[in-house]
Amino acid sequence: FRIMAGKVKWVTDIEKSVLINNFEKRGWIQVADNEDWNFYWMSVQTIRNVFSVETGYRLSDDQIVNHFPNHYELTRKDLMVKNIKRYRKELEKEGSPLAEKDENGKYIYLDFVPVTFMLPADYNLFVEEFRKNPSSTWIMKPCGKAQGKGIFLINKLSQIKKWSRDSKTSSFVSQSSKEAYVISLYINNPLLIGGKKFDLRLYVLVSTYRPLRCYMYKLGFCRFCTVKYTPSTSELDNMFVHLTNVAIQKHGDDYNHIHGGKWTVSNLRLYLESTRGKEVTNKLFDEIHWIIVQSLKAVAPVMNNDKHCFECYGYDIIIDDKLKPWLIEVNASPSLTSSTANDRILKYNLINDTLNIAVPNGEIPDCKWNKSPPKEVLGNYEVLYDEEMAQSDGPDRDLRSRSGQSTGVKGNRARDSGKPVLTTWK
């Protein structure tokens, strides 16, 4: 929903009582009095209007909003990939060890996004890559849509041409007015549990991009498909096999409305520790954290770091059967709808903890504060990366933090207690 100039308009189906209770406790809104409220929770569309040059609207020091003006640099599928590619090239030019490649020309530390092209602009490049491995499967996604809408899989060039004809596009050579798509190499060897594919939905809060300060939420979850996975080409059109989005899976015959096809991240960790071992599991989660930080660093230089803004992102991560994590996409407005009882508890706590960091102690918002809240208000968040702290220990700090890599560092977790400790790059 959005709150603007004393009027409240609900634009999502989130349970209203959760947010009203949170806001009223802090004295930010008084629904009955219809006053002007200091805290704004807006949709991405409203954010565009607020920061538009044409509107002439300016936020005062006691007004805070929940998106950065150009959040889409990270949350649009094409722009995310574009910014990560640019980030890699810049590190290469600087001679950074982070951009090191192996003998096959693959990035050792920054290979966390599947090979991706933009259509129609990169059609010729895609064809060249496709012909290197004609048996590969690719996934096509519209750049500006969510909840699995418009996504389909292909394994033949003729299917692309059919899509092109259906979209009434005559040529891939030049940009067209039709909707832009990204096409990515499909991760066809996902880690399966109970024979089913799943992905991770993780929540990351960014309070400032320059310097970068971000927080990881401990209570993420796994989203499972309702139908067992098969790489068979005969099942490419069965989205209940391939797409984990709840918006799709809830329409399946085997969808369970009690648990919603979800596991907590802590359950996943326990499962992996029991089947693959504790050390391997710790390494996997360290790599996931690394991916998140590097993706945020990739967009930090182009992000409009407005002092009135913070943002809670929904990261989608897929793990393959070699326990390598892949960044699939980042959501600007992760769903706050409760599909199960556990969902409701998780998202209530997520909102509560996010607001406690955005405005510590429930005080009147002040965009000029240093955005470094005391540890006791973090709740289920933990500091993932603090750029100011990282810079105090030298330029190669990030690289030395990578556990399980050939940098001479044995990892960043205490062996005796098994409890996570601060990595060197936090």
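## Lys368 and its partner

In this predicted model, Lys368 is exposed, its relative accessible area being 58%, and its side chain meets that of Asp61 in a salt bridge with an N to O distance of 3.2 Å. The pair links distant parts of the chain, since Lys368 lies in the loop between helix 11 (341-358) and strand 14 (381-386), whereas Asp61 lies in the loop between helix 2 (44-50) and helix 3 (72-75), with the two positions 307 residues apart in sequence. Asp61, for its part, is partly exposed, with a relative accessible area of 33%.

Side chains of opposite charge can pair when their charged atoms come close. The structure holds 16 salt bridges, and the bridge between Lys368 and Asp61 is treated here together with some others.

## Salt bridges within helices

Helix 4 (residues 77-94) contains both Glu90 and Arg86, which lie four residues apart, or about one turn of the helix. These two residues form a salt bridge in which the closest N and O atoms are 3.1 Å apart. Glu90 is partly exposed, at a relative accessible area of 34%, and Arg86 likewise counts as partly exposed, at 23% relative accessibility.

In helix 5 (residues 123-132), Lys132 and Glu129 are separated by about one helical turn because they are three residues apart, and their side chains meet in a salt bridge of 3.5 Å, N to O. Lys132 is exposed, with a relative accessible area of 60%, while Glu129 counts as partly exposed at 27% relative accessibility.

## A salt-bridge network

Salt bridges also link residues into a network, whose members are Asp199, Arg201, Arg223 and Asp316.

## Helix 10 and its surroundings

Helix 10 (residues 278-299) has 22 residues and reaches 33 Å from its first C-alpha to its last, a span close to the 32 Å expected at 1.5 Å a residue. Of those 22 residues, 18 are buried, so helix 10 is largely enclosed by the rest of the structure. Lys283, which has its place in helix 10, is partly exposed, with a relative accessible area of 31%. Lys283 and Leu323 are 40 residues apart in sequence, and their C-alpha atoms are 9.2 Å apart in space.

## Packing of helices 4 and 9 on helix 10

Helix 4 and helix 10 pack at an angle of about 90 degrees, with their axes 8 Å apart, which makes helix 4 roughly perpendicular to helix 10. On the side of helix 4 the contact involves Asn83, Ile84, Arg86 and Tyr87, and these meet Gln294, Lys297, Ala298 and Val299 of helix 10. By class, this contact has four nonpolar, two polar and two charged residues. Arg86 thus takes part in the contact with helix 10 and also in the salt bridge with Glu90.

The axes of helix 9 (residues 265-275) and helix 10 come within 8 Å and cross at roughly 140 degrees, and that angle makes helix 9 oblique to helix 10. Helix 9 contributes Val265, Leu268, Arg269, Leu272 and Glu273 to the contact, and helix 10 contributes Lys278, Thr281, Asn282, Leu284 and Phe285. The residues of this contact divide into five nonpolar, two polar and three charged.

## Surroundings of Glu387

Glu387 lies in helix 12 (residues 387-391). When residues up to four places away in sequence are not counted, Glu387 touches Tyr209, Pro211 and Leu212. Glu387 and Arg213 are 174 residues apart in sequence, yet in space their C-alpha atoms are 6.3 Å apart.

## The chain as a whole

The secondary structure of the chain comes to 13 helices and 14 strands, and buried residues make up 52% of its 426 residues. Among contacts in the chain with a separation of 6 or more, 69% are accounted for by residues 24 or more positions apart. The pair of Lys368 and Asp61, 307 residues apart, links distant parts of this chain, whereas Glu90 and Arg86 lie four residues apart in helix 4.

Note on methods
Residues are numbered from 1 along each chain as its sequence is written. This is a predicted model: local features need pLDDT of at least 70, side-chain atom pairs count only at pLDDT 80 or more; totals for chains, interfaces and linings use all residues. Side-chain values use heavy atoms; hydrogens and water are left out. Axes are lines fitted to C-alpha atoms, for helices over the stretch in contact, and angles run from 0 to 180 degrees between N-to-C directions. Angles under 35 degrees count as roughly parallel, over 145 as roughly antiparallel, 65 to 115 as roughly perpendicular and the rest as oblique. Contact means heavy atoms within 4.5 Å. Ala, Val, Leu, Ile, Met, Phe, Trp, Tyr, Cys and Pro count as nonpolar, Asp, Glu, Lys and Arg as charged, and the others, Gly among them, as polar. A salt bridge is a side-chain nitrogen of Lys or Arg within 4 Å of a carboxyl oxygen of Asp or Glu. Buried means under 20% relative accessible area, exposed over 50%, partly exposed in between (1.4 Å probe, protein chains only). The expected span of a helix is 1.5 Å times one less than its number of residues.
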